[in-house]
Structures are given as structure tokens and as C-alpha cells.
Amino acid sequence: METLDQIFVLSKKGILDFLGTFLPEWVVTLACVAITIKAIAVLGPVTMMYLTLMERKVIGRMQNRIGPNRVGKWGLLQPLADGVKMLTKEDIVPHGADAVSHFLAPILIVIPSLLAFAVIPFGRGMTPVDLNVGVLFFIAVSSTTTIAIFMASWGSRNKFSVLGGMRSAAQMISYEVPMVLSVVPVILIAGSLSTNDIVLAQAGWGGLKWFVFTPWGFFAFIIFFLCGVAECNRSPFDLPEGESEIVAGFHTEYSGMKFALFYMAEFMNSFTVSGLAATLFLGGWQGPFLPSWLWFFLKTYALIFVMIWFRGTLPRIRVDQLMGLAWKFLMPLTLVNILAAGLWYFTEGAARWLITASILAGSFWLLTKLNRGYTPEKRVYLFAE
Amino acid sequence: MTEKTFSLHGAGDMDTQTLEINIGPQHPSTHGVFRMNVVLDGETIVSLKPVMGYLHRNHEQIAENMSYTGSMPYTDRLDYFNSMSNNFGYAMAVEKLANIEVPERAHYIRIIMAELTRLVNHVSVIGFLLNDLGAFFTPVLYAFREREKILDIFEEVAGARMMCNYLRFGGVKYDLSPEVLARIAGILKKFPKFLEEFETLLTKNEILCMRCQNVGVLPAELAVSASVTGPMLRASGVNYDIRKADNYSLYERFKFRVPLGQKGDVYDRYYVRILEMRESLKILEQAVKEIPAGDIMSKKMVPFLKSPRNFKPPVGEAYARVEAPKGELGYYVVSDGTAQPWRYHVRAPSFINLTILEDLCIGQKVADAIIILGSVDIVLGELDR
Amino acid sequence: MLSTADLKTKIEAAIPGTTLKLVRESLLLENPNDLLKVARFLKESDLGLDYLSSVTGADYLTYLESVYHFYSMAQKSGPVVLRVRTDRQNPQIPSLTALYRGAEFQEREAYDMYGIVYEGHPDLRRVFMWEGFEGWPMRKDYQQEDSETLEMADVAWLENQGVKVPEPIKAKAEELEKQGKRALAQKPGQPEPQ
């Protein structure tokens, strides 16, 4: 069981030992880094490919139809077919487009998504780079996607793209704030910015010490997840790629491999955000019986399933309502959350539950009341004979 | 890309530029080839001009060179979702012109087909409205599941799913067998349950309410003055349903109510359609139960089934209208005694309901303009004729 | 519901100076300039005809006609049909847009198809045909151009844009020009009675 759990670590050590028998020291160090990078570079796109298949099949089932099932059994080779299609499409660059931004934008959007993989703990001792500022690194790197989206929309020389880009920039900046603030209580209680340490701080009691089971952790999890969905430009926050209104928004003018890169970035982003949510709140790779990396993937994919579920069910929110939600509702709630987490740290026993739960429930109720405008009105319909 | 510069905010201290964009004619959400010339200030609409004519086929002039019965298939293609209603209006106009009596069984069959068409149309319109809202096809596919069953009935009865060409002057072309009636009764039994399921995720959905309530409010006087008809008029509170007002074709034998909204916004138009579907179910149940045996074609017109080009109505004119699912569909036919009409005009509800589109959209955001257009429920076939 | 004859007397009594004629089941207004007064009377009197259902143009070879169908939503009463005639060379009819918003698009359509100019219409331009289209499609004497054959004017425009026009097409256009004919589409044959 131990070997299965550590299979990747052990295999990497085995390869390095083997190389060490006939190669000098510095080559082995380089090989160590190279293997990790290789693993991520393979994991990222492959995950993304099979995420697209998962999305299509899950949404298909929600819409009472089967997803793709022709290419390979259960459609398992569909992503390969999609990849071939994307590669062989003509790469159209609009006539007056700003060539440099148009070309660089897809590259710039994929790089942060790949970089964010570096600090996610995939299993016991399997964080690719165990930075002691892991969470900060993740948040910083994922913020740079805003620039790439803006470059894409501006360089396309298309009014719809510009609209999409503006909306996206506004949305992403607004949703960064509650996202970061909702992670602060976790850092407070765990006492460290390193993702591995945060996972270890949730150990014990057979899973009941996960942060999501505390009042502040529960709220923080929900807020973090919603902000993550907004960061990935997924429904119901997918205004930048509006499709119904502005026909794909900032990536209207992209075709072929560049479009595939945008698509890839969106899915890899959703994977990393779900992965981080699982790490921070759901106990990371901890769990009985199964190997740690399997637990991690199960939790992450469960959260991704919830994201896909959102996409298949909910309509889209309008841009000003979106901003209102972020600034007027989520942000005050995160601030209260930090206060509640602080109180949690300094109290003991049943009192801590009572105090924090009541503060949070109270402020939630108050904020809902203050943002009244969004509750469904009661309508009366008359009938004439 | 023309930009007008004029200051919208006060006495010239800040100059803003407006953005003029074209929504359409190639756009996923304009329900066909339809263009809207929108002038935006940021995200708010300053002016909106609909541009039509991309599907203009000069149906009226074609009819001037065709025999009367020969125009019947062309009327299918006006509002291509609801071919039975189009046929109904035309048949009524020519029957008024030539004073033809329609047997009772034919009346019942026509009413059954018209109400089935109403179900098909309303359920698809709601699906497409939600598609514009961003719910990514799930409501559409649920709606189409029911629509398929009704289209199968049309195929069984008339030979074609959408372009039915089923009604003739003096009756209907083919008879309904008892099996078909039993199938219709079966559909009617399952439809209320489907409507409940359909409504569950939609009517109280907070995002839908946020997006649709108080958006695109149409006051009642403006609606009457602008010749708006159909569910759009009734959602604004005006009690005018042509089935009740004109009592054409045996509708007075059926008990049904007319739902009226109060506010006239997008949400009301959506909900009035759901209520209308329930009332159509009532009419259908009564019709299927009480349908008498008898001829389906007037004796006078039976010879013309074999030689339709000999049909020469007397000199005169007639204007007949039906409550099509989209509004008042009127046919104005002038005959000069020969086998071709002298003047043939279709009063299309989609075309006239668009008169107030600009009024509804000014001051709203772009996203709202799309859903307001979706709630007006246009079909390009009858808009452009 | 009043019969058409009674309606005629009522309108003539209420608006002195107008003359109406009974044409089948409809009322023909002799003087087009009275249209606004009659329409206002129909809308605001106790007839309450507040709903203009349809505005249509028609071509009767010697004159053009504009036909209006009025209904009442409040009283649910039946159609009152009003016709106005105007000549073909310079057709002008007052617009009802001020009273009934719904006439806006329909009058544009009648203008586009028949060439009837509605005075007082806020935005009278073509609705179905593109801007710059010449001719009135629904008139009985409308000759449709053949879309496959070019005329000299088209050849000149194309060469102006820098397009090389092939010789046979150019020769055909020149021949048409010499004969003084226009490239017209063949009118669809009338369907023969069986």
C-alpha cells in the first residue's frame, strides 16, 4: 500500500539512481528537474483533453443525450480527434490585427496555467515545487491571465472582442479580491503559506478536521469556489465569452491551435482552482485506504463536476449584476469571515462554534437583506374568460 | 467603424465616444438573419435600429402568379415553426372570400392542429430565450424532446414534420385516424408533468429573475398603439385574444382562459407563454374528446382537390386573422375573378411587434437587448416574407 | 357593430367636408388629405377603434391604393376597412404614425414595395430592399433585372473597381446597349388552368 501511494516518487528516485550510475552529479540534478517538468507538461494537457471529454459527456447526460461515443469506446479517443482537428485548421489572422499581441496572447494565457501546477500537492510528498509561499505564488501567477485576455481582445481589432475583453478584465479583477480574502483565514489557522503544510494542518480525526467542516471554512470554501468559477470564465460567469451576445468575446478571432490554447488555458485553470480548493479546504490528499494521489484526483474531479453542473444548468449573470455580487456581497462576507476565523483561533470548545457560526450567519442574512434587489419578485397573473 | 463624439455627461467637461456595432446578421442569437444597428455608450444602448430584408423572398408577388391552392405550401414557409397556423389563416381568408362552408370535423381537426402548434412554438421559444440567457441549450433540448413527439404526429397526419401543407380551402387534406387521436391523447397526458419539470428550474430561478424582471417593460397603451399582438400584448395586461374576440372556427365551444400579465417585462412574457400552454392543453383535451365523425372537406370544394388550378373565387376581398402563437397573423386577399389573386398580403406579427423594439431597449445593456429580442419572439420567415 | 353604410353616415356627419364611398364592405375616402381627421375620429370617438391591424398597399393599374384595417381592442369589435387612392406618378398619402405607432413599419413596407410616399412618417426608407435599390417591386409594371446578364453600366462599374470583365460578357452587354434593350428576367408564366 505504501509503494502504491508513493509510486511516482519511488519511480522518479529509481530513474535518478539509474542515471547516477553513469552520469555526473550535475546531470542528475538537471534530470531531477527535467522529470518533474516533463510530468507536469504531460499532465496538464492530458488532463485538459480528458476534461473536455468529461464535460461533453456530463453535459450531454444532463441534456438527456449521450455525449460523444463514436471515436473509440465511450468516446475516449475523442480528444485526440479534437486535437488533430485543431492542429489542421487554418490559422486566420484578421487583416488589421496587431500582430504581436494577437500572437502572444494565447501563449501568455497558457503559461500561468501551467506554472500554477507547480505548487499543488498531488499526493504525499508529491508537490512538484514545495515553495514555502505556495499559495501566494499560485494567486500571483493566476492573476496574470487578465493581461493575456486583454491582449487577445485588443489585438483582434473587433468591437465584440473589445467588449468581451473589457468585461473580462473587470470581472477578473473584481473576483480576485474575495478569492484572496477567502484564503486568508486558512492561512491564519494553518499558520503557513505552503500548500503542503496546509494539507498537513488538516490531518487527524479521520477527516473531520478538514477546514470545510468549520463555520468559517465552509463560507470560505463556497466563496473561494465561486470566485474560482468566475476566474475561469465559466458559467454562470462566462460573460467574457458570452456566446449568445458577443459570439465568443475575446477569442472570436482565433482559430486553430491558438483557439485550442485558449481552451486549454480555461480547462487547466479550472483544474488548478479545483485542486487548490481541495487542498485548502477539503484536506488535500488525505483519506483512508486509497493512495493519496487518487484521493486528490477524486476530490478535484468532484469539484470540476460541480463546475460542469453549473454550466449545464444555470443561465448567465449580467455584467453589472456580476460586479455587484463581487463587491457588495462576497467581499464584505470575506472580511467578516476573517474576523470569525480569528475568533475561532482564540476560543475553545463549544463556544467557538457558537460564536463563529452566529457571526457568520448573521452577516450573511444582513448582506442578503441589503442586496435586496435581486430576490425574485412575486408576480400575480390574472385570467380573463 | 464610425464613432460619433458628443458629450453625454453634462456641460462638455468630458467627451465620450459612442460605439456603433452591428449585432447580426450572422449571430447565434438573432433568430435568423436579422441585423440590429446598435449605438452603445459603454454597455448602455443609446439607439437601436433593426435592419431587415435578409430573407425577403417576395412571397406576396409569388402568390400573384400562383393559383390559390398553389400558394398554400408557400404559407408554410412564412413562420416556419408553426406551419399549421399559417395554413389556417390563409384557408380562412379564401373561404371568407369565396363563401365556403367548412364541415364540423374539419373545424375540430384544424383547432387541434393549431393548438398543437401553439404548444410547439411556446416551448421552443422559451428554450431559445434561455439559450440567449446563457443556459447553454439544456432547456432547448428538454423542450425539443416534447416537440419531437408532436412533430411525429404532424408527420403521421400530413406527411411532413414542419412544412405540413395540410389545410385546404373547405377543410383539411387527410383525415385523423383513431390511432392518431389516441396518440395525441397520450401526449396530452404527459405534457403537464413535462411542463412542471420544465418550470421547476426556470420560473423561480434567481438568475433568471435577476436577468428578466423589470427588463424591457412595455406599457399597455404603447402596446396597443404600436399594434402589438399575441403573448407580448397580453403580458402587458391588455385582454385581447383573437380566439375570444373574433370567435372564429368553433373556438367558442371550448372553455379556456386567457392569461394576462401585469408588468410587461421579459419575465411576464415568458410566464404568460407557460400559462398559455396550459390553456392550450385544456382546449386540446376538449377537442380530442368531442371530435365528431363526418366529412373533412366541403362538398363544393371536393372537385377542386383534383384540379386546384381551376378554382376561381368571385371578385371581392377578404381579411381573415388567426391567433398564431406569435400574434395576430392576418391574410388580406383580393380576387379579380381569375385563378390568380390580384393582391395577397400577409400581416406578419413578428414584423409589427418589432416596432417598439427600440423603445424597449434604450437605456438597457447589450445583454438585455438580446433577451428582449428573444422575448419578442421573431421568426425571420414571416418577418421578411 | 354598425354596418358600413351607417358608419359612412356617422363619419360624414362628424367630419364635415369628407366624402366617403362604399366599396364592397369598405369605405373609400375620396380625399387623401382627410385621412388623419377620419382616423382620429375613428380612434377617439365612441367607436374606440384603437388598434390598427394592417396597413397595405395595392396596385390597381390606374391608381395605387392604401388599405387600412381598424379594430377595437376595448370593445372587441370587428374590422372597419378604409381605403385611400392615389395616382401612380406622384403617390402621396398622409402618414398615420402620429396616431398609431404600429403603422410605422407597415408604411415603410408599402413605400418600399409600391413607392407610396407617406407624408409625416418619421423615418421613411426602404425596409426589405437594400438602400439604393431602384424600382418598386410589387407594382404590376415592375420589370425585374436578370441577375445573370450584365449591362454596360455594370461593366463600367466593375472595370472601375479593377475587375477584368471577360470578352463574351462584354460583347453581350454592348449588343444589348446597341439594341436599346435592358437585361430583364423572364416573367414566370401564368399557370394554365387544368
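**Interfaces of chain B with chains A and C**

In this predicted model, B:D368 and A:R318 are joined by a salt bridge in which the closest N and O atoms are 2.9 Å apart. Across the interface of chain A and chain B, one salt bridge is found, together with seven residue pairs in polar contact, both residues of each pair being at pLDDT 80 or more. On the side of chain A that touches chain B, two or more residues are given by each of α3 (25-62), α8 (159-190), α12 (292-313), α13 (319-346) and β1 (382-384) of chain A, and the largest share, four residues, comes from α8(A). By class, this side of chain A is made up of 18 nonpolar, eight polar and twelve charged residues.

The contact between these two chains draws 38 residues from chain A and 58 residues from chain B. The area that chain A and chain B bury between them is about 4200 Å², with 58% of it on carbon and sulfur atoms. Within chain A, the most area is lost to chain B by A:K159, A:Y381 and A:F383, which together account for 17% of what that side buries. Strand pairing also links the two chains, since β1(A) pairs with strand β8 (residues 258-260) of chain B in the antiparallel sense over three bridges, and within this pairing A:L382 stands opposite B:L260 in β8(B).

Turning to the other interface, chain B contributes 51 residues and chain C 47 residues to their contact. About 4100 Å² is buried between chain B and chain C, of which carbon and sulfur atoms give 53%. In chain B, the residues that lose the most area to chain C are B:N65, B:R309 and B:W342, together 15% of what that side buries.

Four salt bridges are found across the interface of chain B and chain C, and one of them joins the side chains of B:D359 and C:R101 at 3.1 Å, N to O. The polar contacts across this interface comprise 19 residue pairs, both residues at pLDDT 80 or more. On the side of chain B that touches chain C, at least two residues each are supplied by several elements of chain B, including the strands β9 (316-324), β10 (327-335) and β11 (341-347) and the helices α1 (59-64) and α8 (220-225). The residues of this side divide into 22 nonpolar, 16 polar and 13 charged.

For chain C itself, the domain assignment gives domain 1 (4-119) and domain 2 (143-187), and the C-alpha centres of these two domains of chain C lie 43 Å apart.

How values were computed. Residues are numbered from 1 along each chain as its sequence is written. Chains are lettered from A and ligands numbered from 1 in the order in which they are written. This is a predicted model: local features need pLDDT of at least 70, side-chain atom pairs count only at pLDDT 80 or more; totals for chains, interfaces and linings use all residues. Side-chain values use heavy atoms; hydrogens and water are left out. Domain bounds come from an automatic or database domain assignment. Contact means heavy atoms within 4.5 Å. Buried area is the accessible area (1.4 Å probe) that two parts lose on being put together, summed over both. A polar contact is a pair of N or O atoms within 3.5 Å; within protein, one must be able to donate a hydrogen and the other to accept it, and residues adjacent in sequence count only if both atoms are side-chain atoms. Ala, Val, Leu, Ile, Met, Phe, Trp, Tyr, Cys and Pro count as nonpolar, Asp, Glu, Lys and Arg as charged, and the others, Gly among them, as polar. Two strands pair if DSSP finds at least two bridges between them.
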